[in-house]
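Please look at the sequence and the model before reading on. The paragraphs below go from the whole chain to single residues.

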Amino acid sequence: MTPRFPLWVRLVPVLLIAAAAAAAIANRDEVSPAALEAAVGLAGAWMGPAFVLAHAAGILVALPRWAFAIAAGLLFGFPEGIAWAVAGTLAGTSLGFFVARFANSGALKPHEWARVGRWIARAETSGWRAVALARLLPVPGALVTYGFGLSRLRYRSFLLGTALGTLPVAVVFSNLGAAGWTDPEAAKGSLVLAVAAALVFVAATALAPRLLRSRA
């Protein structure tokens, strides 16, 4: 199938994101929950939408999600901060997913690659469970987002899996921000427990259909 748009048009968003990511990495030390709180706080009554936009942009350029989750707690408190943190994550990952799909437009077919094709096929079959698991593992979020964008996974599966997989981070770090803490090290123990519980949930949902079929 011939792409609807020429290659140079499809590469424009990729190059823009790459340039923004390079600038973000160069100034990574300046990105902190306190700085995000101060910047978004200038929006006043529009803090919610401003936070979602800032968070979405941060997701695209691979800024740490924990910083935005803590900022959500600082800005909106708990539990409202959870909702805003998840909303920002879903907005940013959705944009990244569609940017990858638009830029590729069928040019690359990773499911046909010798070494990774079978893993991608399994991920596509597992649907949202594969996405949730990838979000819970120590894998760069941008890699997960753009990787699934290149696959044939349905967007609704990507969205559900992302929401479930990022919820533990949102809960732990927004609660940390609401309490006035801005150091992610303080939440390490709680985050490990939350991620472990989420992994058990994803594993259980993955195994349940097999167990039911074996008993049928």
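What follows is a walk through the structure, beginning with how far the model can be trusted.

The model is predicted. Its mean pLDDT is 82, and 85% of the residues score at least 70. Confidence varies along the chain: helix α3 (residues 47-60) has the highest mean, 94, while helix α10 (residues 188-215) has the lowest, 65. Where pLDDT is low, the predicted coordinates should not be read in detail.

Next comes the overall build. The protein contains 10 helices and zero strands, so its pattern along the sequence is written α-α-α-α-α-α-α-α-α-α. Of its 216 residues, 39% are buried. The protein exposes about 12,100 Å², and 69% of this area comes from carbon and sulfur atoms. Among contacts with a separation of 6 or more, 78% join residues that are 24 or more positions apart.

Now take some places in sequence order. Val14 is found in helix α1 (residues 7-26). Its relative accessibility is 34%, which means that Val14 counts as partly exposed. Together with Leu7, Leu11 and Leu15, Val14 forms a nonpolar patch on the surface. The accessible area of these four residues together is about 340 Å².

Helix α3 holds Ala50. Ala50 counts as partly exposed because its relative accessibility is 24%. Which residues does Ala50 contact, leaving aside neighbours within four places in sequence? They are Val40 and Ala43. A longer step along the chain leads to Gly88: Ala50 and Gly88 are 38 residues apart in sequence, and their C-alpha atoms are 9.7 Å apart in space.

Two loops hold backbone features worth a look. Most residues other than glycine have a negative phi, and most peptide bonds are trans. Ala62, in the loop between α3 and α4, has a positive phi, near 65 degrees, although Ala62 is not a glycine. With a relative accessibility of 37%, Ala62 counts as partly exposed. Pro79 lies in the loop between α4 (65-76) and α5 (80-104). The peptide bond that leads from Phe78 to Pro79 is cis, and its omega is near 15 degrees.

The aromatic side chains come next. A pair of aromatic rings is described by the distance of the centres and the angle of the planes. The count of aromatic pairs in this model is eight. Why is the pair of Phe76 and Trp84 called stacked? The ring centres are 5.2 Å apart and the planes meet at 25 degrees, and planes under 30 degrees apart count as stacked. The two partners differ in exposure: Phe76 is buried, with a relative accessible area of 17%, whereas Trp84 is partly exposed, with 30%. Elsewhere, Phe97, Phe98, Phe148, Tyr155 and Phe158 form one aromatic cluster.

The last stop is Ser157, in helix α9 (residues 155-178). Is Ser157 buried or exposed? Its relative accessibility is 17%, so Ser157 counts as buried, the cut-off being under 20%. Not counting residues up to four places away in sequence, Ser157 touches Gly127, Trp128 and Val131.

Notes
Residues numbered from 1 in each chain as written. Predicted model: local features only at pLDDT ≥ 70, side-chain atom pairs only at ≥ 80, totals over all residues. Heavy atoms only, no water. pLDDT = per-residue confidence, 0-100. Helix = DSSP H or I, 4+ residues; strand = E, 2+ residues; numbered from the N terminus. Patch = residues over 30% accessible without salt bridge, like charges linked within 9 Å, V, L, I, M, F, W, Y side chains within 5 Å. Areas by Shrake-Rupley, 256 points an atom, 1.4 Å probe, with all protein chains shown as cover. Salt bridge = Lys/Arg side-chain N within 4 Å of Asp/Glu carboxyl O. Buried < 20%, exposed > 50% of the residue type's maximum accessible area, 1.4 Å probe, protein only. Contact = heavy atoms within 4.5 Å. Phe/Tyr/Trp six-rings, centres within 6.5 Å; stacked < 30°, edge-to-face > 60°.
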